[in-house]
Amino acid sequence: MGKKGKREKKGKGAEKTAAKMEKKVSRRAKKEEEDLEALIAEFQTLDAKKTQVIESSCPPPSPRLNGSLSAHPEKDELILFGGEYFNGQKTYLYNDLYVYNVRKNSWAKVEIPNPPPRRCAHQAAVVPTAGGQLWIFGGEFASPNGEQFYHYKDLWVLHLATKTWEQIKSSGGPSGRSGHRMVACKRQLIVFGGFHESARDYIYYNDVYAFNLDSFTWSKLAPSGIGPAPRSGCQMAATPEGSVIIYGGYSKQRVKKDVDRGTLHTDMFLLRAEGAGKEEDKWAWSRLNPSGVKPTPRSGFSAAVGPNNRSLLFGGVHDEEEEESIEGDFFNDIYFYDIVKNRWFPGQLKGPKSEKRKRRRGRQAEAEDAGDDELEKRPPQGPVEIVKEVVAEDGTIMTIKQVISGPGEEKSESEEEEEEDGALSQQVEPCPRSNAMLAVKHGVLYVYGGMFEVGDRQFTLSDLYSIDLHKMEEWKVLVEMDPKAQEWLEESESDEEEDDVEGAEGGEEEEESSEEESEDEGGEEQHPPVQPAEKHADYLARTEQYWIKLARSNMGPDAKEKKVVKVAHAMVKAFYEDAV
């Protein structure tokens with residue numbers, strides 16, 4: 001009893017500490033977020049000009065990471081929403097919507113009135129209700145210099161049948177965050193973890209919330225048992241029985257002033273409802289100890305649910321933290337987790353069937369068509385390193401190293417077969433990356449975008465690959481990486497150079513992303529102009545009611561007057577400073 005009492009006391013102490021930290025972070029972040037609210041409101045003013053749905057064919061979307069890619073529940077389509085892009089000097093956030101037709105290998109841009117504000121690191125979940133619904137929760141908006149953050153706590157639904165966005169306002173939900181995870185489970189959306197960051201502080205979460213898709217209400221779950229430590233970027237998957245699995249993730253703690261220590265989590269948990277499917281279910285955490293070959297420690301991996309009760313993760317990065325720098329090893333491998341067998345195993349390519357037959361002439365037919373179970377048991381061969389060089393538009397040569405697992409040892413019976421296996425291992429694969437967007441449709445995995453780093457330079461990708469998870473034969477390139485889209489501006493380059501290339505995201509995105517540059521021009525036409533030699537105080541007094549009305553239209557009728565005035569004044573300040 002004594003030990004139990006100590007544990008409970010320790011648990012309560014940890015809760016109090018977490019609550020204090022959250023209050024501290026919230027206080028410091030409040031001013032930052034109020035500053036960014038004005039910028040978000042300005043973007044929403046631009047979005048409000050859209051009054052009808054416009055769907056048009058377009059080139060592939062511009063490079064990005066930390067967006068969401070979701071499979072349409074009824075159509076042969078994937079839905080891409082949001083994301084971010086950084087060119088070395090400026091951060092771009094998106095709220096555009098693209099649809100990829102998996103049969104035609106074609107993209108369409110869909111402009112829908114009143115979309116969610118621009119964001120990245122949000123979560124999306126699809127449910128088949130009423131022709132399909134895409135639910136979006138949370139995420140973050142960053143200032144152009146990437147030094148201030150606004151964390152959303154809003155919930156949106158895109159009605160796929162009618163192509164309409166709707167914001168769902170319900171109290172009692174999670175606090176603002178990004179890097180969290182959300183899955184549709186039975187008739188609920190389950191949200192776990194994430195983090196909230198300001199310029200000086202941060203906090204990681206391990207709380208769990210459920211949103212009921214019938215009553216449209218939030219509830220905070222209080223599971224029994226010992227659950228995961230606070231983290232973001234974990235793998236989260238729902239089981240057919242209505243439980244939830246959590247694996248891995250990342251968090252950091254402050255060791256001393258201005259010194260943080262990152263942690264790559266590799267533990268695994270099961271969150272199970274103990275009731276009979278009622279809203280008042282009791283939930284319980286339990287630790288999982290899976291067998292097989294677990295993924296190597298990493299962060300920034302992407303996750304999806306594949307066929308045959310298997311969840312999967314792809315890619316990621318393992319950072320080696322030195323005293324003054326971080327070097328990252330990026331991955332392009334796949335790991336499967338068999339939910340029924342509680343077992344991990346690495347995904348390995350079998351090679352095209354026609355090639356297999358040539359190499360296996362004279363063998364038994366059943367060896368040719370070895371299934372997933374054989375694949376699961378097959379020991380991996382030594383990795384093969386492939387080096388590629390890509391020349392970016394500015395002349396920079398990118399050296400991309402790929403470490404690819406070879407095929408199973410059973411194929412190397414003769415020297416000739418070993419040579420063929422070596423050739424097989426060098427077939428096309430996505431380059432190593434983190435923060436890519438994944439979706440599975442008809443048993444096929446699609447990987448879009450993401451990023452990798454070479455030295456101090458970040459490369460954001462816009463390529464698209466697919467692989468049939470039933471066959472695991474070979475990757476297919478649907479959209480190749482475009483070297484011309486690889487723009488990078490050094491911090492020392494002049495503002496003039498930055499202005500010249502601000503719209504360099506590429507494709508149809510160029511128009512959309514250039515709204516950030518053109519908002520000033522548009523602002524001069526639609527907002528009251530600043531008079532020559534007019535002081536800020538005079539301009540505010542003359543135009544205050546206009547800006548308050550504009551802020552009110554963006555924030556809605558329920559916003560408090562004090563907050564509306566504050567946002568209006570921030571908008572005035574931003575507009576005035578740009579004008580003079």
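A cavity here is a set of grid points where a 1.4 Å probe fits but cannot get out, and its lining residues are those with an atom within 4 Å of a point. Keep that in mind for the first view; everything below comes from a predicted model.

**View 1. The largest cavity and the residues around its centre.** Searching the whole structure turns up 3 cavities of 30 Å³ or more. The largest of them has a volume of about 80 Å³. Its lining is made by 11 residues, and Lys50, Asn95, Asp96, Leu97 and Val110 are the ones that lie nearest the centre. Two elements give two or more residues to this lining: strand E4 (91-101) and strand E5 (106-111). As for chemistry, the lining splits into 5 nonpolar, 1 polar and 5 charged residues.

**View 2. A cluster of aromatic rings, with Tyr209 and Trp218 among its members.** The structure holds 30 aromatic pairs. One of them joins Tyr209 and Trp218 edge-to-face, with 6.4 Å centre to centre and 85° between the planes. Why does that pair count as edge-to-face? Because its planes are 85° apart, and anything over 60 degrees gets that name. Both Tyr209 and Trp218 are buried. Zoom out a little and ring pairs link these two with Trp135, Phe137, Phe211 and Phe216 into a cluster.

**View 3. Two charged side chains sitting over tyrosine rings.** In one spot, Arg64 lies over the face of Tyr94, at 4.3 Å from the ring centre. In the other, Lys252 takes up this kind of position over the face of Tyr202, at 4.7 Å from the ring centre.

**View 4. Helix H10, residues 561-579, and its buried residues.** This helix has 19 residues and reaches 27 Å from its first C-alpha to its last. That is close to the 27 Å expected at 1.5 Å a residue. Which residues of H10 are buried? They are Val564, Val567, Ala568, Met571, Val572, Phe575 and Tyr576.

**View 5. Two asparagines with a positive phi.** Most residues other than glycine have a negative phi. Asn66, though not a glycine, has a positive phi of about 60°. Look for Asn66 in the loop between strand E1 (54-58) and strand E2 (68-71). Asn309 also has a positive phi, near 55°. Asn309 lies in the loop between strand E21 (302-306) and strand E22 (310-321). Asn309 counts as partly exposed because its relative accessibility is 35%.

**View 6. Gln133 and Gly455, each shown with a residue from elsewhere along the chain.** Gln133 lies in strand E7 (residues 133-137). Is Gln133 buried or exposed? Gln133 has a relative accessible area of 9%, so it is buried. The C-alpha atoms of Gln133 and Lys163 are separated by 9.6 Å, with the two residues 30 apart along the chain. Gly455, by contrast, is found in a loop, the one between strand E28 (444-454) and strand E29 (457-468). With 53% relative accessibility, Gly455 counts as exposed. From the C-alpha of Gly455 to that of Gly328 the separation is 9.1 Å, and these two glycines are 127 residues apart along the chain.

Notes: Residues numbered from 1 in each chain as written. Predicted model: local features only at pLDDT ≥ 70, side-chain atom pairs only at ≥ 80, totals over all residues. Heavy atoms only, no water. Phe/Tyr/Trp six-rings, centres within 6.5 Å; stacked < 30°, edge-to-face > 60°. Buried < 20%, exposed > 50% of the residue type's maximum accessible area, 1.4 Å probe, protein only. Lys NZ or Arg CZ within 6 Å of the ring centre and 35° of its normal. Helix = DSSP H or I, 4+ residues; strand = E, 2+ residues; numbered from the N terminus. Expected span 1.5 Å × (residues − 1). 1 Å grid on protein atoms, 1.4 Å probe; cavity = no way out; pocket = protein on both sides within 12 Å on 5 of 7 lines; lining within 4 Å. Points joined across faces, edges and corners; volume = space filled by probe spheres on them. Nonpolar A, V, L, I, M, F, W, Y, C, P; charged D, E, K, R; others polar.
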